[in-house]
Amino acid sequence: MTGLRIGVVGGSIAGCAMAIAAGRAGAEVTVHERSDGALQERGFGIVMPPPLHRELVAGGYLGADMPTVPVADRVWLTRASGGRSSRELARQRSPVAACNWGLLWRALRGRVGKDVYRRGTPVESVGRASSGRALIRTGDGEREYDIVVGADGHRSVTRALVAPDVRPMPAGYLAWRGTIPLDVLRDHPGPLELLRTSWVTLGFSGGHAVFYLIPGPVPGSRLLAHVVYGSAPRPAGAREPVPVEYVRDLAEEHFPAEWADIVARGEHGTRALHPVADFVTPRVAEPPFLLAGDAASVTRPHTASGAVKALQDALCLERALRAGGPVAEALRRYADERTAEGARLVELGRRLGRALVERTPDWPTMGPAEVEAWSRASLNGDRSYLYGSVHRP
Ligand SMILES: Cc1cc2nc3c(=O)[nH]c(=O)nc-3n(C[C@H](O)[C@H](O)[C@H](O)COP(=O)(O)OP(=O)(O)OC[C@H]3O[C@@H](n4cnc5c(N)ncnc54)[C@H](O)[C@@H]3O)c2cc1C
């Protein structure tokens, strides 16, 4: 693939990973990123399967020094009936590598050459040149490429060429995402102890919350990442920053007392409000264009697989390019594999969303056997690394 020119629109997780993949396959790459700032400031928690993390380190996408917090188990909690104490419902084997989104981006970005990554360069349009090659137009002119990778997120301009009719489907509920300084857990040794070895899912009627530790910006430090899902209507006129009292009130109403206190005291952490939505693209490549990450498809966050999918997209691109042959053939191989995976994850996210938010079970009546049976029914024969032990016979 030496001599192949690839332009990437977007320089976030998917954009950096695709640039590394293309570079490793011998192509000449240019990344066009709209933002002029350091994207690491977007830092929240994300998790990925440990085997994928190992594959990315072995493959040269990530340095072994990128910090993660590996935990082996998932603990299911709820508020005990008729009280405010916490009740453990079940424990499942569910190994995850918890990451700080910002540190992950920085690690990937560090492997994309300075002259390759053009920040502060919004792409105004993507199209076809008269030569049949792909064309990217920015404020400082036009460039032709053999392949253009749309890694420009869920509002992708590149997707308009590949799948113009695709529109996000709102799920009808919200996710509040944040990180909380760890000293908030000083007065809560029980939850801290639990979080050292597990990630926590806290079920309540009409939603759930997820808590896990991630690496902080200072080496060796930790932050508490959390996401709260609820179908409560968005408060009138609510905008960023998230109205603190809204999440606090939800936690106060539904969480065990100590977890509600953690959320209430985490007010000074980083927060964002995401209306949950998803979409599938019928085919993620139309030569000479291809889509990656959120530009290609968005799954509801219950699968914890948006960044995972973007990283797997990159591994797939490298394989497809290394297999040789014409560009159209490489893109066909990529599209065959990644279109199916995007569709699978969107369907899985919808099923998990129904089970975890839209039609929640009566959590306080459940124990390990019921959580196991309910998990199996929610997966409906599919697989998710978040439900590791549920797959075992
Ligand atoms: C609550 C929540 C929890 C999540 N948890 C997990 C998890 O545990 N595990 C996981 O794997 N995933 C998780 N995700 C999903 C994950 O965060 C995203 O899928 C991932 O960050 C998407 O990366 P991306 O690079 O595809 O898109 P983005 O990060 O959106 O990047 C797109 C980039 O393109 C740039 N851009 C856009 N338009 C242009 C243009 N015209 N010109 C130039 N540049 C442009 C933007 O500036 C941006 O930098 C979660 C998501 C949410 C909402």
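Domain bounds, as I use them in these entries, come from an automatic or database domain assignment. The model I looked at is a predicted one.

**Entry 1, domains.** I began with the domain assignment of the chain, which gives domain 1 as 5-41 + 102-168 + 278-350 and domain 2 as 69-99 + 170-277 + 352-391. I then looked up the separation of the two and found their C-alpha centres 31 Å apart. To the contact between them, domain 1 gives 16 residues and domain 2 gives 21 residues.

**Entry 2, the interface.** For the area buried between domain 1 and domain 2 I noted about 1500 Å², with 55% of it on carbon and sulfur atoms. Which three residues supply the most of what domain 1 buries against domain 2? I found Arg300, His302 and Leu348, which together supply 42% of that area, more than any other three residues. I turned next to the polar side of the interface, where the rule finds two salt bridges between the domains and twelve residue pairs in polar contact, both residues of each pair being at pLDDT 80 or more. On the side of domain 1 that touches domain 2, helix α9 (residues 327-358) contributes the largest share, namely five residues. I also sorted the residues of that side by character, and they divide into seven nonpolar, four polar and five charged. Arg300, already noted for the area it helps to bury, has its side chain in a salt bridge with that of Glu358, at 3.3 Å from N to O.

**Entry 3, the six-stranded sheet.** I followed an open sheet of six strands, whose order is β6-β2-β1-β10-β17-β16 and whose pairing is mixed. Why do β6 and β16 each have one side without a neighbour in the sheet? I see β6 (117-118) and β16 (285-286) at the edges with a single partner strand each, so one side of each is left without a neighbour there. Inside this sheet, strand β1 (residues 5-9) and strand β10 (residues 147-150) run parallel and are joined by four bridges, and I noted Ile6 opposite Ile147 in β10.

**Entry 4, salt bridges.** I counted through the listing for the whole structure, which holds 28 salt bridges. In one that I looked up, Glu28 pairs with Arg5, and the closest N and O atoms are 3.6 Å apart. This pair links distant parts of the chain, since Glu28 lies in strand β2 (residues 28-32) and Arg5 in strand β1, 23 residues apart.

**Entry 5, strands around β5.** I next traced strand β5 (residues 86-100), which runs antiparallel to strand β3 (residues 45-48) and is joined to it by four bridges; Met48 stands opposite Ala97 of β5. With strand β4 (residues 69-79), β5 is also antiparallel, and here I found ten bridges, with Trp76 having Ala90 as its bridge partner in β5. β4 and β5 form a hairpin with six residues between them, and in its turn I noted Gly82, whose phi is positive at about 70°.

**Entry 6, backbone details in two loops.** I checked the peptide bond from Pro287 to Pro288 and found it cis, with omega near 10°. Pro288 is in the loop between β16 and β17 (289-291). I also looked at Ala304, which has a positive phi of about 45° although it is not a glycine; Ala304 sits in the loop between β17 and α8 (306-322).

Note on methods. Residues are numbered from 1 along each chain as its sequence is written. Side-chain values use heavy atoms; hydrogens and water are left out. Contact means heavy atoms within 4.5 Å. Buried area is the accessible area (1.4 Å probe) that two parts lose on being put together, summed over both. A polar contact is a pair of N or O atoms within 3.5 Å; within protein, one must be able to donate a hydrogen and the other to accept it, and residues adjacent in sequence count only if both atoms are side-chain atoms. Ala, Val, Leu, Ile, Met, Phe, Trp, Tyr, Cys and Pro count as nonpolar, Asp, Glu, Lys and Arg as charged, and the others, Gly among them, as polar. Two strands pair if DSSP finds at least two bridges between them.
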